[in-house]
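Let's walk through this one together, starting with the nucleic acid and then turning to how the protein copies meet.

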2 protein chains.
Amino acid sequence: MTDSLAVQLRARHSLLMTTELEAVALELFAARGFDAVTVEEIASKARVSVRTFYRYFTAKEAVLQVQLDRRCEALRVALAARPDDEAPLRSMRIALEAVVSADDPDLLRRWITVISATPHLVQSVLGGIQLKTQPLMAAFLAERLKTEPDSFEPIVLAAAVGGVIQAAQTRWFLQGGDIVALINEGLEVLERGIGTAPPSSA
Amino acid sequence: MTDSLAVQLRARHSLLMTTELEAVALELFAARGFDAVTVEEIASKARVSVRTFYRYFTAKEAVLQVQLDRRCEALRVALAARPDDEAPLRSMRIALEAVVSADDPDLLRRWITVISATPHLVQSVLGGIQLKTQPLMAAFLAERLKTEPDSFEPIVLAAAVGGVIQAAQTRWFLQGGDIVALINEGLEVLERGIGTAPPSSA
DNA sequence: ACTGATTATGGCATGTCCTGCCATCATTGA
DNA sequence: TCAATGATGGCAGGACATGCCATAATCAGT
């Protein structure tokens, strides 16, 4: 198994290449818009061939998924690190805080800028967030709430929390402010429940 | 203004063409998968040129958005039809019920089948649902809850409800059952709120 | 029914995305 | 040094999407 070292090196190299391509691409996207940048430009600026670009990214759009994947992984780790006996929603709040504040705000803002300038990216990234984060949160909630396997409740809660995060993120991007505070505010709304809101009727 | 008639006719024709192309495309997609069907096939089977196809749909993917648009419009109408003094969440539940049960279940199932067989479609449709339905619901909630303009609460609630719908829809597709019941169950979880869930701590 | 205007359609050319294939080069391990 | 494994580059080709213009259909006014 001496080759485990070679494997490590390869993985490292692959990661570096991905990061480099991502950086180059994001810079170009931010400057001139996603659609106006060709894969050839990205590859050329990163000193690789177009063919090689496609060996590290399945598509041009995939460049924008890397950031998403990083955050998901960070969330997974942050959730796993919370003590078992903590209130689940509190764990989520703390984990989210950690993930959000760990990110370089400038990078994040540029990332969002690029995406929000391109409608079809907004759509696919939004969907991607849902697809990746919600199973994560649902699994966590299912474990900590000790629900029976395949229960509907953690899934629903995860989806609701996911909605809150998205709403907070959107509002933060549009109006600025403190993203952590926005998330907390949103979660509080959720905690209160909706049942009490209506002005009349039951 | 005699041309308003002509305009109507044109709109009608456009709608028919869209519907026809959608039907043809969905049939092909369902049979062989989204990626394996070319636009040329769709156009040819519908007796139009490829160029004409792109006059009715901005992209091949857009074929799958019309169903979504229909449901959104139906939801908007159904929401607007609810009496002003009804509890907002009750209104939403009833409106959702109406929209869901108004749809042809077979068509809907085929639509979902096509989408769920193609990962990148799942992503973009999921995002599209969020982008289109949530502002709708948020506007409704803001109006009925009489919150101040630009308030965060209706947005958060709409996002949460959106999450519930998505969770119910997914579960319905995976495991079958009664979709209306699933939505109700999910909304009940939301109504109860999350604050009470944790087993210990505060 | 004829004519001019508006609109829909078709075909062509083009640019981009993405993939399969194979040749070439570099790195590793013996 | 040499063989094997993996990374890279280049090329061909199919599909998507759009701009452009010529043609056909449709409609309004006479």
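A polar contact here is a pair of N or O atoms within 3.5 Å; within protein, one of them must be able to donate a hydrogen and the other to accept it, and residues adjacent in sequence count only if both atoms are side-chain atoms. Keep in mind that this is a predicted model, where local features need pLDDT of at least 70, side-chain atom pairs count only at pLDDT 80 or more, and totals for chains, interfaces and linings use all residues. As for bookkeeping, residues are numbered from 1 along each chain as its sequence is written, chains are lettered from A and ligands numbered from 1 in the order in which they are written, and side-chain values use heavy atoms, with hydrogens and water left out.

Start with DNA strand D. It has 20 residues around it, and the closest are Thr52(A), Arg55(A), Tyr56(A), Arg51(B) and Lys60(B); a residue is near a strand if one of its heavy atoms lies within 4 Å of it. Two arginines reach bases: a side-chain N or O atom of Arg55(A) sits 2.6 Å from a base oxygen of strand D, and one of Arg51(B) sits 2.8 Å from a base oxygen of that strand. Lys60(B) goes for the backbone of the DNA instead, with a backbone N or O atom of its own 2.8 Å from a phosphate oxygen. Of the atoms of strand D within 4 Å of the protein, 57% are sugar or phosphate and the rest belong to bases.

Which helices supply at least two residues each to the surface near strand D? They are helix 1 (3–32) and helix 3 (50–56) of chain A, plus helix 3 (50–56) of chain B. Helices are DSSP runs of H or I with at least four residues, numbered from the N terminus. Helix 3 of chain A makes the largest contribution, four residues. By class, this surface has eight nonpolar, five polar and seven charged residues. In that count, Ala, Val, Leu, Ile, Met, Phe, Trp, Tyr, Cys and Pro are nonpolar, Asp, Glu, Lys and Arg are charged, and the others, Gly among them, are polar.

Now for DNA strand C. Here 22 residues surround the strand, and the closest are Arg51(A), Lys60(A), Thr52(B), Arg55(B) and Tyr56(B). Arg55(B) puts a side-chain N or O atom 2.6 Å from a base oxygen. On the phosphate side, a backbone N or O atom of Val39(A) lies 3.3 Å from a phosphate oxygen, and a polar backbone atom of Thr58(A) lies 3.4 Å from one. Helix 3 of chain B gives the most to this surface, with four residues.

On to the protein pair. Chain B can be laid on chain A with an RMSD of 0.1 Å by a turn of 180° and a shift of 0.0 Å along the axis, using least squares on the C-alpha atoms of residues with pLDDT of at least 70 in both. That is the relation of a two-fold axis. The contact (heavy atoms within 4.5 Å) takes 49 residues from chain B and 48 residues from chain A. Because 98% of the interface residues of chain B are also interface residues in chain A, the copies meet through the same surface.
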